[in-house]
Amino acid sequence: MNRTQPHLTIVIPCYNEQEVLNETIDQLTLVLHQLTLEKLLAPSSKLLFVDDGSIDNTWKIIARSSTKNKYVTGLRLARNVGHQTALLAGLERAQKDCDCAISIDADLQDDISVIRDFVEKYQDGYEVVYGVRHSRKTDTYFKRTTAQSFYKLMGKLGINLVYNHADYRLMSCRVLKQLSKYREVNLFLRGIVPMIGFRSTEVLYDRKERYAGETKYPLKKMLSFAFNGLTSFSVAPIRFITMIGFTLFFLSGIAGTYAIIQKLFGVTDAGWTSLMISIWFIGGLQLMGIGIIGEYIGRVFMETKKRPKYAIDVDLYTNKDPLSYLKPKENQTLNAKKVQWKR
Ligand code: UDP
Ligand code: MG
């Protein structure tokens, strides 16, 4: 492992980012170039763009700039697999030849001037450097409060997360190797990285507005991400259901005794109301319990399949002619058909 002048790979997952990508490439190139000039980084350092099955010009931009810009390389995934998995695909590719890697979003929300601090911390001997947000001023009120209550809830459930840290972080090659051993399908990198251990530290930064384009994390995706994080790392929800079950069982014992005593003294009434309430209450509770347990069984089911998480369509590290992939496929099949016709 080279500490003084490490080979850094910055991994950037991109999904339909054509509006912002050229700017991102320019700005990150500047940062890398500056750091290599100052001999803080090896000149072979790279920007690895992972195209997560975009349907716009994202891949064209990546492939074109890889022919002009020595820092730029890319991976194109065979389909959209989501931010976390796309990021993992990039990190696993990067790990083959880098000393350390930084993961960052394509939209320039994370302050790239702290990349220098990340590298300096790495040179000081840290293996994981977390980018931590100073404040959440640029977030909408809704995103801020939901995100904060998520961190609090996770903390209460005993899941070790770095507060206000998203996926902007540096990891050394050793950490990356260890990360690739986590074979789970339900990926929640923020939870996994602190579990790996090694010497870690934090760097504070301010998160900005998205430079261009729209968020690829609408509310639905955000909720499923949070739910995934919770159920992948904690059995607390199942325990909670069990606890309610026990409490109710105990309470129903008391209620039963009370009812029998009432009966013995002959003061029973029709009891319709209480009966209906309990049927609804217990029925609902049972359904909820079964649902949560089913959720975990579903997860076990997905994990036991051990499906590959992603497929790589094009790898610019090994591909000699990146632009060949830009030719439209329809034309190729059309031409093939024409040839057949002639024969
Ligand atoms: N992204 C991805 N695959 C997806 C969704 C998002 O690779 O299916 C990328 C996206 O291009 C961006 C990063 O993940 O680089 C974070 O997404 P975004 O900025 O939209 O999320 P937000 O910052 O709004 O939470
Ligand atoms: Mg963003």
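Before anything else, one term: a residue is called buried when its relative accessible area is under 20%. I112 has a relative accessible area of 9%, so it counts as buried. Please keep in mind, as we go around, that this is a predicted model.

Let's stay with I112 for a moment. You'll find it in the loop between β4, residues 100-103, and α4, residues 115-123. What does I112 touch, once residues up to four places away in sequence are set aside? The list is Q27, L28, V31, I104 and Y168. There is also a nice example here of how the chain folds back: I112 and T24 are 88 residues apart in sequence, yet their C-alpha atoms are 9.8 Å apart in space.

That same loop, between β4 and α4, holds L108. L108 is buried too, because its relative accessibility is 8%. Its backbone has something to look at: phi is near 60°, a positive value in a residue other than glycine. As background, most residues other than glycine have a negative phi. F198 is another case, with phi near 70°. You can find F198 in the loop between α7, residues 189-196, and β7. Is F198 buried or partly exposed? It is partly exposed, because its relative accessibility is 38%.

Now on to strand β4, where S103 sits. S103 has 0% relative accessibility, and therefore counts as buried. A polar atom of the S103 side chain lies 2.8 Å from the backbone oxygen of D167. Leaving out neighbours within four places in sequence, S103 is in contact with V11, L87, D167, Y168 and R169. So that you can link this to our first stop: Y168 is also on the list of residues that I112 touches.

Next, the inside of the protein. In soluble globular proteins, nonpolar side chains tend to be buried together. Here the largest nonpolar core has 40 residues, and those with the most contacts inside it are L8, I10, I12, L47, F49 and I115. Several elements give two or more residues to this core, among them β1, α1, β2 and β6. Which element gives the most? That is α1, with seven residues. Take L47 as a guide: beyond its neighbours up to four places away in sequence, L47 touches I10, I12, I25, L28, T29, L32, Y71, V72 and T73. A second, separate core has 28 residues, including L88, V175, Y182 and V193.

Helix α2 is worth a look as well. Its buried residues are T58, W59, I61, I62, A63, S65 and S66. They pack against β1, α1, β2, β3 and β8.

Last stop, ligand 1. There are 19 residues around it, and E17, D52, D107, T215 and K216 come nearest. By class, that shell has five nonpolar, five polar and nine charged residues. Let me point out three polar approaches to oxygen atoms of the ligand. A side-chain N or O atom of N80 is 3.2 Å from one ligand oxygen. A polar backbone atom of A106 is 2.8 Å from a ligand oxygen. And for Q109, a polar side-chain atom lies 2.8 Å from an oxygen of ligand 1. How much of the ligand does the protein cover? It covers 95% of the 530 Å² of accessible area that ligand 1 has on its own.

Thanks for listening, and do turn the model around yourselves.

Definitions and conventions:
Residues numbered from 1 in each chain as written. Chains lettered and ligands numbered in written order. Predicted model: local features only at pLDDT ≥ 70, side-chain atom pairs only at ≥ 80, totals over all residues. Heavy atoms only, no water. Near = heavy atom within 4 Å. Polar contact = N/O pair within 3.5 Å; in protein donor to acceptor, adjacent residues only side chain to side chain. Areas by Shrake-Rupley, 256 points an atom, 1.4 Å probe, with all protein chains shown as cover. Nonpolar A, V, L, I, M, F, W, Y, C, P; charged D, E, K, R; others polar. Helix = DSSP H or I, 4+ residues; strand = E, 2+ residues; numbered from the N terminus. Buried < 20%, exposed > 50% of the residue type's maximum accessible area, 1.4 Å probe, protein only. Contact = heavy atoms within 4.5 Å. Core = buried A, V, L, I, M, F, W, Y, C linked by side-chain atoms within 4.5 Å.
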